[in-house]
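Please read this report with the sequence and the 3D structure open beside it.

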Amino acid sequence: MSRKILIIEDDLFLRELMSKKLVGEGYQISGATDGEEGIRSVKSEKPDLVLLDLILPGIDGFEVLARIKQDPEIAQTPVIVLSNLGQKEDIERGIKLGAVDYLIKAHFTPGEIVEKIASVFSKDI
Amino acid sequence: MATKEENQLSLLLDDLTALEEYIHDLFNFSPLPICFVSPVGVILEVNPAMEKVSGFKMDEIVGEPLEKVFKKEEIGSLARETIREGFVDGKELRFFPKGGEEVVVQVFTRTRKDEKGEVVGYFLSLFDLTGIKKTEAELKRIQTALLNILEDTEEARRKAEEEKDKTQAIITNFTDALFFFDKDHRLALMNPRAEIFFKIKKEKVIGESINRLYELPELRALIKFLGEGIEEVSRKEFPLTEDFILEVSVISMKRDSVDLGDLVVLHDVSREKMVEKLKTEFVSLSAHQLRTPLSAIKWSLMMILDGDLGVINKGQKDILEKTYQSNERMIALINDLLNLARIEEGKYALSLAPADIVKICQSIVDLSEESFKNKGIKLRFNKPAKKTIQVLVDEEKLKLVIQNLLDNAFKYTFKNGRVSLSLKEIDKGVRIEVKDTGMGIVGKEQKRVFSKFFRTNEAVLVEPAGSGLGLYMARNIIEGHGGEIGFISKVGQGTTFYFSLPKEKIAKA
Amino acid sequence: MSQLLNETEVKKLMQLKGEVRGVVFKTDFEYILNREGGDGLEKLENKFQEIGHPIKYGEIKALAFYPIGLRIISLLAIKDIFSFSDEEIKKIGEAAPKLSLVIKLFTKYFLSITLTAQQAPSMWGKHYRAGKLVVVEINEKEKRIILSLEDFNLHPLLCKYLEGYFSTVVKMAVGKPTNSQEIKCSFSGGKSHEYLVTW
């Protein structure tokens, strides 16, 4: 059974690129364009992993992360923060809120991101 | 009968003699100089005291006019007044004793009258005022000296008042809040600005002890921050409220090792903090805004190059790879600019905290291990004798520096080369060296190595993607910590970059 | 020297008529005391003892009358012991009025020379019960006075003494330096002793 990955990202192009890459790797992909939608999708779809951007319209990624982790139904879902906010405080905050990893989009190729996802899944096993 | 007369006479004679002797003794005894002067001013009689003071023996002065020992004009007027008034009490005249210097004397006279009331002469007595005059002169001198001292004291007092006024004016008008605690930690002084900041009138708190002040809601936070001992502190941030941030400095005032008290200065840095916050936010946002399109380009290119979107020919691959590199440079540049923006702000950029420098170095070495291995460069960490060394640093920024040096070593050293990171404790602090066996830096370019955006031509050839900001930033950071940074390099042999962090930055273990 | 004071001489002098106030030769003693000190005075006193008329300075009653001979003996003794010249004898005379208590009784008259001159005979009388002092001439303008001493032929030594004496008395009256000179002397044929004092 292929894994489900939810991409919460408001930039359409980026989401498309990432989607394409992950599909190519054999994952099932779904997306959300804002935080509210994202949380709803996590609850309804129960993905195996969430790729979360931080700068979102409406509530921001940190808030989404916090809510996910607070909700016992979905708290277990591993979340990788994928953002272009790269300051130390942001990274720390993300990790503290429960993100399993924090990647800066501009610093990682799609291939590298795929590897990161794989390593998260391999830990599950 | 004759006998009776004779007896009477004899008795009278005896009485006369006795009287004569009495007068004689009295006259001679008197320590006051007395003389008897005829109405025309001839000295008819002098007593021994007069002989002494005048320097003339009786036979030298009796029969002489008064002008012998007085000035003619002075004594003339005195004599006239004597005869007119019957006496003179205490007139000051000059007196000229034999062979001596003139002295000032006080003269007293009293006339003698016969039964008809005619003046038959006058007694003249004098009082040597030399002693008194000397004392007078001395007193005057002392008086003048005292007046001078008084003037000086007045002057000093006035200056002190001025100084006090000046100081008072400064304190009152100082734009920072000022508190002064005396040596018993009682509040001795509070300026108007402090009253405004803390919304409390000074009358309410002057003279109170630290403990009492702690009880007041307006000052509790401050007192807690200062602590009971009011320790010395330099520019520590104290948020009075979320939007009102103060920078506190406590200066212990001592003079000749006598404790005078503590001065607390509170500088409003809310605006600076606000600016800092806005800047940080702006920088963050800018980074994000700039990175987003660049990420898209990066991913797109990579996916194409990976073949995810179909096969591409060599020509296409070449160009796309170059495009990718260009994009990477852009991303790197943005990173560096972001870091730079934060560092260039001076003191607001460094947040010092105790950290273990050994651990910091180790973590960077660990992170870099793989890359070095992949390139075939031997990486070594020369550890210090101690297992941990505590330093007071901005860890994030220090990491940037070490990372940067290591990155440079990596970039400019070829396969089979060696890179070592050495950390050791020195007398002045700690010293870190990054040594490589790389290509070295051309002599005449060495001066510009730390300049903003500078890269040597050789460096660009070897590693096209580089912003030229790394060392500029590194120097900024190290110098911000109070340390020194430098390098030794020889073309074809290698480069050693080193920096030191001073002892003050090393927290006590 | 002792010839002046041999026994015969002394006896002769003691027989002279007249009396003198103690003050007169007391001033002699005082002069010696001032000039020659206690030792000198003792010598003088001893001399008096020697000649058989012991007199102690402290015992002389200034206002009492004594034989006039003593007065002369006093001067002779002084001349003898201290080898005084005549000029020095004059000096004793000059000093005497300054020391004399009796003169002090007359100070009210020292207003002017005229007044003093008027008192001169009286002054003399109070000192000597022998001889008579008369003012022959006074000229205040020319600043001169002539005094005549009559019936006074006791001893030539006194002439010099009196020269000095009168010089001082006049001085005390006028307050100016004086010059005195015996212009006539009964020992050299004059009727009396005349003294000219100028100032």
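The text below goes through the chains, their sheets, their cores and one contact between chains.

**The model and its confidence**

This is a predicted model. The predictor gives the complex an ipTM of 0.83 and a pTM of 0.43. In chain C the average pLDDT is 80, and 93% of the residues score at least 70. Within chain C, the lowest mean pLDDT among the elements, 70, belongs to helix α5 (residues 101–104) of chain C, while strand β7 (residues 193–198) of chain C has the highest, 85.

**Chains B and C**

Two of the chains are set out in the table.

| Chain | Residues | Helices | Strands | Buried residues |
|---|---|---|---|---|
| Chain B | 509 residues | 15 helices | 17 strands | 28% buried |
| Chain C | 199 residues | seven helices | seven strands | 45% buried |

Along its sequence, chain C follows the pattern α-β-α-β-α-α-α-α-β-β-β-α-β-β. Contacts can also be sorted by the distance in sequence between the two residues. In chain B, 51% of the contacts between residues at least 6 apart join residues at least 24 apart. For chain C, residues 24 or more positions apart make up 66% of the contacts with a separation of 6 or more.

**A three-stranded sheet in chain C**

Chain C has an open sheet of three strands in the order β2-β1-β3, with antiparallel pairing. The edges are taken by β2 (65–67) and β3 (128–129) of chain C; each has a single partner strand, so one side of each is left without a neighbour in the sheet. Strand β1 (residues 19–21) of chain C pairs with β3(C) over two bridges, in the antiparallel sense. In this part of the sheet, C:Glu19 stands opposite C:Arg129 in β3(C).

Two helices pack on this sheet. Helix α2 (residues 22–50) of chain C touches β1 and β2 of chain C, and its direction makes about 60 degrees with that of β1(C). Helix α3 (residues 68–82) of chain C also touches β1 and β2 of chain C, and its direction makes about 70 degrees with that of β2(C).

**A five-stranded sheet in chain B**

Chain B has an open sheet of five strands, in the order β12-β14-β15-β17-β16, and its pairing is mixed. Which strands stand at the edges of this sheet? They are β12 (378–382) and β16 (484–490) of chain B, each of which pairs on one side only. From one strand to the next, the twist averages 10 degrees.

At one of these edges, β12(B) pairs with strand β14 (residues 418–425) of chain B in the parallel sense, over five bridges. One of the residues involved is B:Phe381, whose bridge partner in β14(B) is B:Leu421. Helix α12 (residues 357–375) of chain B lies across β12, β14 and β15 (429–436) of chain B and runs at about 170 degrees to β12(B).

**One loop residue**

B:Asp394 sits in the loop between β13 (390–393) and α13 (395–412) of chain B. Is B:Asp394 buried or partly exposed? It has 19 C-beta neighbours inside 10 Å, and a residue needs 20 or more to be buried. B:Asp394 therefore counts as partly exposed. Its C-alpha lies 6.2 Å from that of B:Ala353, although the two residues are 41 apart in sequence.

**Nonpolar cores**

The largest nonpolar core has 85 residues; those touching the most other members are B:Cys35, B:Val37, B:Ile43, C:Ile73, C:Leu162, C:Phe166 and C:Val170. Helix α7 (residues 156–174) of chain C gives the most to this core, with eleven residues. Beyond its neighbours within four places in sequence, B:Val37 is in contact with residues including B:Val42, B:Leu66, B:Gly121 and B:Tyr122. A second, separate core holds 41 residues, among them B:Ile364, B:Phe372, B:Ile432 and B:Ile485.

**The contact between chains A and B**

How many residues does each chain bring to this contact? Chain A brings 18 residues and chain B brings 17 residues. On the side of chain B that touches chain A, the largest share comes from helix α10 (residues 270–306) of chain B, with 14 residues. By residue type, this side of chain B divides into seven nonpolar, five polar and five charged residues.

How values were computed: Residues are numbered from 1 along each chain as its sequence is written. Chains are lettered from A and ligands numbered from 1 in the order in which they are written. This is a predicted model: local features need pLDDT of at least 70, side-chain atom pairs count only at pLDDT 80 or more; totals for chains, interfaces and linings use all residues. Two residues are in contact if their C-beta atoms, placed from the backbone, lie within 7 Å. Helices (H or I, at least four residues) and strands (E, at least two) are DSSP runs, numbered from the N terminus. Ala, Val, Leu, Ile, Met, Phe, Trp, Tyr, Cys and Pro count as nonpolar, Asp, Glu, Lys and Arg as charged, and the others, Gly among them, as polar. Two strands pair if DSSP finds at least two bridges between them. Axes are lines fitted to C-alpha atoms, for helices over the stretch in contact, and angles run from 0 to 180 degrees between N-to-C directions. A residue is buried if 20 or more other C-beta atoms lie within 10 Å of its own, exposed if 12 or fewer, and partly exposed in between; C-beta atoms are placed from the backbone. A nonpolar core is a set of buried Ala, Val, Leu, Ile, Met, Phe, Trp, Tyr and Cys residues joined through C-beta atoms within 7 Å. pLDDT is the predictor's confidence in each residue, from 0 to 100.
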